[in-house]
Each structure stands twice: as C-alpha cells, then as structure tokens.
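Thanks for making the time, everyone. I would like to walk you through one structure this morning, beginning with its nonpolar interior and then moving outward to pockets, charged pairs and a few individual residues.

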Amino acid sequence: MRKILLDLREMIVELQLQVTRQSKGAPAVGRGSGDPVLPFDVHASEVFDDLIKTLASWYGGVSEVDPLVLQGLDPVVKAHKLVDWHLRHYITVSRFEDGGLYFDDLRGILGKSMHAIGRRQPKMRLGECTCGRPVQARADQKAVACACGVVWGVGATRAAHVAQGAEQLVTAREAAQLGEISGRQLKPGTIQTWRRRGRLRSEGKNHSGEYLFRFGDIVALARS
C-alpha cells in the first residue's frame with residue numbers, strides 16, 4: 001500500500017504536465033491570445049480529477065483522524081496533501097471493514113495514472129535463471145527471454161509457483177499482486193468478501209493487522 005501511495009505522489013506532477021503540455025506549433029487561425037487553451041491531453045485531465053476524488057473519498061470517511069484544509073487549494077497542492085495524509089493513515093484505513101476496497105481503489109487509480117502518462121505496467125519476478133540473473137515479466141506476457149538466451153514460459157512458471165506456495169500464508173493484497181489465477185484477476189476486496197461470507201477461512205493476522213489466508217485456499221476458490 002505504501003508503495004502505491006509513493007508511486008501516486010510521484011505521478012501527480014507528471015499527470016499535471018501531461019494535462020497542461022501544449023503543442024509547439026503555430027496558434028490556430030482565428031484564436032485570440034485571450035481565448036482559453038484546451039488541455040493537451042483531456043484523458044489525463046480526467047484521470048487527474050479521478051485521482052483527487054478517489055483520495056478525497058477515503059479521507060472524508062476518517063477525516064477526524066487528521067483534518068486537512070482543502071478548500072481553495074491548487075489541485076496539485078491538494079493532491080499532494082491528500083497523498084501525504086494517506087501515507088500517514090493507510091494502515092488505519094486498511095483495517096476498516098471495507099479495507100479491501102480501499103486497496104482496490106488506490107491500485108485502480110494508479111493503473112489509470114500509469115496509462116495516462118504512458119508508463120508500462122510493472123513486472124513480477126519469475127525466479128532466477130540458471131545463469132544467475134533474475135527473470136521478470138509482465139502478467140500479460142506469454143514468454144520472456146533471459147539475457148543468456150533461455151526462454152521462460154510465464155504461464156507455466158507461475159503455475160509452478162502457485163502449486164509450490166499452496167501452504168504459504170498471504171494477505172489479500174499479496175495474493176492479488178500475483179496476477180491472474182486460472183484466467184481470473186483477483187482483487188483484495190473479493191478475497192475479503194469471501195472471508196466475510198464464510199467461504200474463506202482466515203489463519204490469523206500479520207503484524208499490520210491484515211488477515212492472513214492459506215494461498216491454496218484462495219486458488220481453490222478462484223478456480224471454483
């Protein structure tokens with residue numbers, strides 16, 4: 001969660017630059033110097049608005065913890081203040097009954113922000129090659145080649161990891177970060193819903209207060 005918030009804070013300025021960047025060509029014929037200039041990237045503008053709304057919606061639910069004065073602030077300043085607030089209180093918010101949705105919302109707006117500024121989705125570690133180099137791949141890749149030339153099948157490697165990790169205890173957030181399971185992209189909120197409805201048994205909590213689950217049980221539910 002902290003990594004997501006730190007990434008969001010880094011993207012605030014990049015998003016705003018994407019929104020306000022102007023074409024370097026000549027002004028359009030008939031447009032006066034006083035006429036409004038449209039954003040270079042309307043989609044980025046919408047994503048930036050969504051980012052602020054998403055952060056503000058969760059802040060509003062627990063604003064008594066650490067109140068912020070947001071009225072009249074520049075949007076970039078407001079976004080930074082909201083992210084900083086979440087960095088101070090994300091553990092508290094994630095312990096709420098709908099804490100899984102909190103993670104889903106932040107991860108969702110992070111993905112939209114990355115797409116809006118042209119960043120590629122992060123890679124996941126597949127393991128270590130026989131040459132000693134770490135091998136990484138995006139979840140949407142079918143195969144990836146190590147620098148030494150060895151080709152790794154992404155699906156087969158991940159399936160082996162799933163089988164080997166059946167007894168491992170993971171949080172809903174950690175399970176969701178492993179990507180698709182049987183063609184299904186799990187979300188922390190879904191896993192928490194299974195727990196609340198009695199379909200998934202918790203094996204306790206970690207030091208941060210997050211519920212722990214046997215990974216094999218999550219995989220079995222995802223495949224059912």
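Let me start with the largest nonpolar core, which holds 33 residues, and in which Leu8, Leu15 and Leu106 have the most contacts. By nonpolar core I mean a set of buried Ala, Val, Leu, Ile, Met, Phe, Trp, Tyr and Cys residues joined through side-chain atoms within 4.5 Å, where buried means under 20% relative accessible area, exposed means over 50%, and partly exposed is what falls in between, with a 1.4 Å probe and protein chains only. The elements that contribute two or more residues to this core are H1, helix H2 (42–61), helix H3 (75–94) and helix H4 (99–116); helices here are DSSP runs of H or I with at least four residues, strands are runs of E with at least two, and both are numbered from the N terminus. Another core, of 14 residues, lies apart from it, and Ile191, Leu200, Phe213 and Phe215 are among its members.

Before going further, I should say that this is a predicted model, in which local features need pLDDT of at least 70 and side-chain atom pairs count only at pLDDT 80 or more, while totals for chains, interfaces and linings use all residues. Residues are numbered from 1 along each chain as its sequence is written, and side-chain values use heavy atoms, with hydrogens and water left out.

Coming back to Leu8, if we set aside its neighbours within four places in sequence, this residue is in contact, meaning heavy atoms within 4.5 Å, with Leu51, Leu106, Ile109, Leu110 and Ser113. For the chain as a whole, there are eight helices and eight strands, and 38% of the 224 residues count as buried. Among contacts between residues at least 6 apart in sequence, 56% join residues at least 24 apart.

Now to the second largest pocket, which encloses about 380 Å³ of space. Its lining comprises 22 residues, and those closest to its centre are Ser94, Arg95, Gln192, Gly209 and Glu210. H3, H4, helix H6 (172–176) and helix H7 (188–196) are the elements that each give two or more residues to that lining. As for the method, a 1 Å grid is laid over the protein atoms alone; a cavity is a set of points where a 1.4 Å probe fits but cannot get out, whereas a pocket is an open set with protein on both sides within 12 Å along at least five of seven lines, and lining residues have an atom within 4 Å of a point. Grid points are joined across faces, edges and corners, and the volume is the space filled by probe spheres set on the points.

Next, the charged pairs: how many salt bridges does a search of the whole structure find? The search finds six, a salt bridge being a side-chain nitrogen of Lys or Arg within 4 Å of a carboxyl oxygen of Asp or Glu. One of them joins Lys3 to Asp7, with N to O at 2.8 Å, and these two residues, four apart in helix H1 (residues 2–20), are separated by about one helical turn. Lys3 is exposed, at 55% relative accessibility, whereas Asp7 is buried, at 16%. Glu203 and Arg201 form another, at 2.9 Å from N to O; Glu203 is partly exposed at 32%, and Arg201 is exposed at 58%. Arg214 also pairs with Asp217, the closest N and O atoms being 2.7 Å apart, and these two belong with Glu167 to a network of salt bridges.

Finally, three individual residues. His80, in helix H3, is partly exposed, with a relative accessible area of 24%, and beyond its neighbours within four places in sequence it touches Arg9, Ile12 and Val13. Val144, which belongs to strand S3 (residues 143–145), is buried at 14%, and its C-alpha lies 6.9 Å from that of Val154, ten residues away in sequence. Lys187 sits in the loop between strand S7 (184–185) and H7, and its C-alpha is 8.5 Å from that of Leu101, although the two are 86 residues apart along the chain. Not counting residues up to four places away in sequence, Lys187 touches Asp104, Arg107 and Ala176.
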